[in-house]
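Here is a short tour of a protein chain for you to follow with the structure open. Have the sequence to hand as well, since residues are called out by number.

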Amino acid sequence: MNVPVSACHYTIEVPATPERVPQIRRIVAAHLRHWNLASQVAPVCGALDELVGNVVRHVEGDKTCVVELRWTGSRLSASVADRDRRLPPLRTSVPSRGGLAKVAKLSDSWGTCGTDDGKVIWFTRRVRQSERIGRGQRAPRVPAVEFRPLPAALAAGPPADPARAVVPAH
């Protein structure tokens, strides 16, 4: 099944708690698979785990966050917005330690910006069209077997002159 590109936008607002991180991962993975982007599940969910985890660990007060996905047909973008106005520092450049270095490693581009009521951290991934081919659900195949009796001319065997062969009408 091919999902129209114009329909590929999803937003969820949730309280960021340790219990919610795996739930958000499952929801995002389901949307990516629905959009025929199964190859993007691991990197996108890995980066979003980090961003939502940062809300859990570092945001003071209201820990509600908005997770958003957008698929344009060639670029997949994801973001996490929260109500804390403090922009995150890049504390390490080692992706194995997590944080924004991990997000940078899992994405083609990323950034952060302040909003009227907090901040948003986003990242993008380029997706080649060839990654989407053949990954969706397929329609059932129509059987190629026909149960029509052969015409008498064909049942008798091949003709002596192939140019005069009788071909059944379909």
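The notes below go from the overall fold to one strand and one of its residues.

What you are looking at is a predicted model, with a mean pLDDT of 79 for the chain. Its secondary structure amounts to four helices and five strands. Much of what follows centres on strand β2, which spans residues 64-71.

**Overall architecture**
- Reading from the N terminus, you will meet the elements in the order β-α-α-β-β-α-β-β-α.
- Of the 170 residues in the chain, 36% are buried.
- Take the contacts between residues at least 6 apart in sequence: 65% of them join residues at least 24 apart.
- The exposed area of the chain is about 10800 Å², and 56% of that is supplied by carbon and sulfur atoms.

**Strand β2 and its partners**
- Six of the eight residues in β2 are buried, so the strand is mostly covered, with burial taken as under 20% relative accessible area.
- On one side of the pairing list is strand β1 (residues 9-15), which runs antiparallel to β2 over seven bridges.
- To find the register of β1 against β2, look for P15, which stands opposite T64.
- Strand β3 (residues 75-82) is also antiparallel to β2, and seven bridges join the two.
- Here the register can be read from L69 of β2, which stands opposite A78 in β3.
- β2 and β3 make a hairpin with three residues between them. Within that turn, G73 has a positive phi of about 110°.

**A closer look at E68**
- E68 lies in β2, and its side chain makes a polar contact of 2.9 Å with the side chain of R70.
- As a reminder, side chains in a regular strand alternate between the two faces of the sheet.
- Which residues does E68 touch, leaving aside its neighbours within four places in sequence? They are H9, Y10 and T11, together with S77, A78 and S79.
- A78 thus turns up twice in this briefing: as a contact of E68 and as the residue opposite L69.

**Confidence in the model**
- A pLDDT of 70 or more is reached by 66% of the residues in the chain.
- Over residues 132-148 the pLDDT is below 50. This stretch has 13 contacts in the model beyond near neighbours in sequence.

Note on methods:
Residues are numbered from 1 along each chain as its sequence is written. This is a predicted model: local features need pLDDT of at least 70, side-chain atom pairs count only at pLDDT 80 or more; totals for chains, interfaces and linings use all residues. Side-chain values use heavy atoms; hydrogens and water are left out. Buried means under 20% relative accessible area, exposed over 50%, partly exposed in between (1.4 Å probe, protein chains only). Contact means heavy atoms within 4.5 Å. Accessible areas come from the Shrake-Rupley method with a 1.4 Å probe; for residues, only the protein chains shown count as cover. A polar contact is a pair of N or O atoms within 3.5 Å; within protein, one must be able to donate a hydrogen and the other to accept it, and residues adjacent in sequence count only if both atoms are side-chain atoms. Two strands pair if DSSP finds at least two bridges between them. pLDDT is the predictor's confidence in each residue, from 0 to 100.
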